[in-house]
Amino acid sequence: MGWPLAVSAGLMDKSPRALFRALLALAAGHLLATLLVLLPFALLLVLVEWQRSIQIGASLLVIGFGVYRLIERRHPRTLARIPPTQLALWSFAVAIAHGAALMLVPIYLGLCQAFDLDAGHEAAGVLMKASLVKASLGMAVLVSLVHVAAMIGAGGCLAWLVYRYLGLRFVSRSWFNLDLIWAASLIVVGVVALTFNLSSWR
């Protein structure tokens, strides 16, 4: 969600370099936030013994956070204009507040379960088993780096396309509510995960 700030930085400085500097700052803040959440799990592998409780608790947490985001959709007005020098801090704070790395914890701890896997999901399963057996700081850093690379790659493409071809007028007139879509998807994923966990418990 930070890519519009990169577009803004590029448009205000009238320079693609400003856009890419903003993307770098956003990536740094997001990476720090994901590491802050993942590294404690790398150090506390005892939690694997509580796998069932973690799965159910994580499902309820995701559902609760989705419901909260549906009810409380306002963002603080102070976040409407972020100076380019504070983008890394903004990225870190927003990633922590939105629970950006929480979705990576089940993958890192190998808590995900799936049936009738295709080749892509089998590869992810191998990664999860490897991380469960050899969970380490290195694996937490690798998971964070891959996540941030994918996030900044997708957001960077959007920012560059909007900056280069559409401009600020398009962004201000065609904005749609990503928060609503995100909150609804959190609730759906949490309910599905909770259903699978409770049905396999019996």
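Trainee: How many salt bridges does a search of the whole structure find?

Mentor: One. Keep in mind as we go that this is a predicted model. The partners are Asp 13 and Arg 21, whose side chains meet at 3.9 Å, N to O.

Trainee: What makes the contact of Asp 13 and Arg 21 a salt bridge?

Mentor: The nitrogen of the Arg has to be within 4 Å of a carboxyl oxygen of the Asp. For Asp 13 and Arg 21 the distance is 3.9 Å, so the pair counts as a salt bridge.

Trainee: And are these two buried or exposed? Let's take Arg 21 to begin with.

Mentor: Exposed means over 50% relative accessible area. Arg 21 has 52%, so Arg 21 counts as exposed. Asp 13 has 45%, and because that value lies between the 20% and 50% cut-offs, the label is partly exposed.

Trainee: Let's go to the chain as a whole. What does the secondary structure come to?

Mentor: Eight helices and zero strands. Read from the N terminus, the elements go α-α-α-α-α-α-α-α. The chain has 202 residues, and buried ones make up 34% of them.

Trainee: Which residues of helix H1 are buried?

Mentor: H1 covers residues 3-13, and its buried residues are Trp 3, Pro 4, Leu 5, Ala 6, Val 7, Ala 9 and Gly 10.

Trainee: What comes just after H1?

Mentor: Lys 14, with a positive phi of about 55°. Lys 14 has this phi although it is not a glycine. You'll find Lys 14 in the loop between H1 and helix H2, which runs 16-43.

Trainee: Why is Lys 14 called exposed?

Mentor: Its relative accessible area is 74%. The cut-off for exposed is over 50%, so Lys 14 qualifies.

Trainee: On to the rings. How many aromatic pairs does a search of the whole structure find?

Mentor: Three. One of them joins Trp 160 and Tyr 163, with 5.9 Å centre to centre and 35° between the planes.

Trainee: Why is the pair of Trp 160 and Tyr 163 called tilted?

Mentor: Take the distance, then the angle. Centres must lie within 6.5 Å, and here they are 5.9 Å apart. Planes under 30 degrees apart would be stacked and over 60 edge-to-face. At 35° the pair fits neither label, so tilted is what remains.

Trainee: Where do Trp 160 and Tyr 163 lie?

Mentor: Both are in helix H7, residues 137-173, three residues apart, about one turn of the helix. An α-helix has 3.6 residues a turn, so residues three or four places apart point the same way. Ring pairs also bring in Phe 20, making a cluster with Trp 160 and Tyr 163.

Trainee: How do you know that Tyr 163 counts as buried?

Mentor: Buried means under 20%, and Tyr 163 has 14% relative accessibility, so Tyr 163 counts as buried. Trp 160 has 27%, and that is not under 20%, so Trp 160 is partly exposed.

Trainee: What does Pro 16 touch?

Mentor: Leaving aside residues up to four places away in sequence, Pro 16 touches Trp 160 and Tyr 163. Pro 16 sits in helix H2. Pro 16 and Tyr 163 are 147 residues apart in sequence, yet 8.3 Å apart in space, C-alpha to C-alpha.

Trainee: Which residues does Leu 36 touch?

Mentor: Phe 92 and Ile 96, again not counting residues up to four places away in sequence. Leu 36 is also in helix H2. From Leu 36 to Ile 96 is 60 residues along the chain, with 8.5 Å between the C-alpha atoms.

Trainee: Back to H7. What makes Arg 164 count as lying over the face of Tyr 165?

Mentor: Part of the test is distance: CZ of the Arg must be within 6 Å of the ring centre. Arg 164 is at 5.8 Å from the centre of the Tyr 165 ring, so the distance part is met.

Trainee: Which residues form the nonpolar patch on the surface?

Mentor: Leu 161, Tyr 165, Leu 166 and Phe 170, with about 430 Å² of accessible area together.

Trainee: Why can Phe 170 be part of a patch when Phe 170 is partly exposed?

Mentor: A patch takes residues with over 30% relative accessible area. Phe 170, in helix H7, has 39%, so Phe 170 passes that cut-off.

Notes:
Residues numbered from 1 in each chain as written. Predicted model: local features only at pLDDT ≥ 70, side-chain atom pairs only at ≥ 80, totals over all residues. Heavy atoms only, no water. Buried < 20%, exposed > 50% of the residue type's maximum accessible area, 1.4 Å probe, protein only. Helix = DSSP H or I, 4+ residues; strand = E, 2+ residues; numbered from the N terminus. Phe/Tyr/Trp six-rings, centres within 6.5 Å; stacked < 30°, edge-to-face > 60°. Lys NZ or Arg CZ within 6 Å of the ring centre and 35° of its normal. Patch = residues over 30% accessible without salt bridge, like charges linked within 9 Å, V, L, I, M, F, W, Y side chains within 5 Å. Areas by Shrake-Rupley, 256 points an atom, 1.4 Å probe, with all protein chains shown as cover. Contact = heavy atoms within 4.5 Å.
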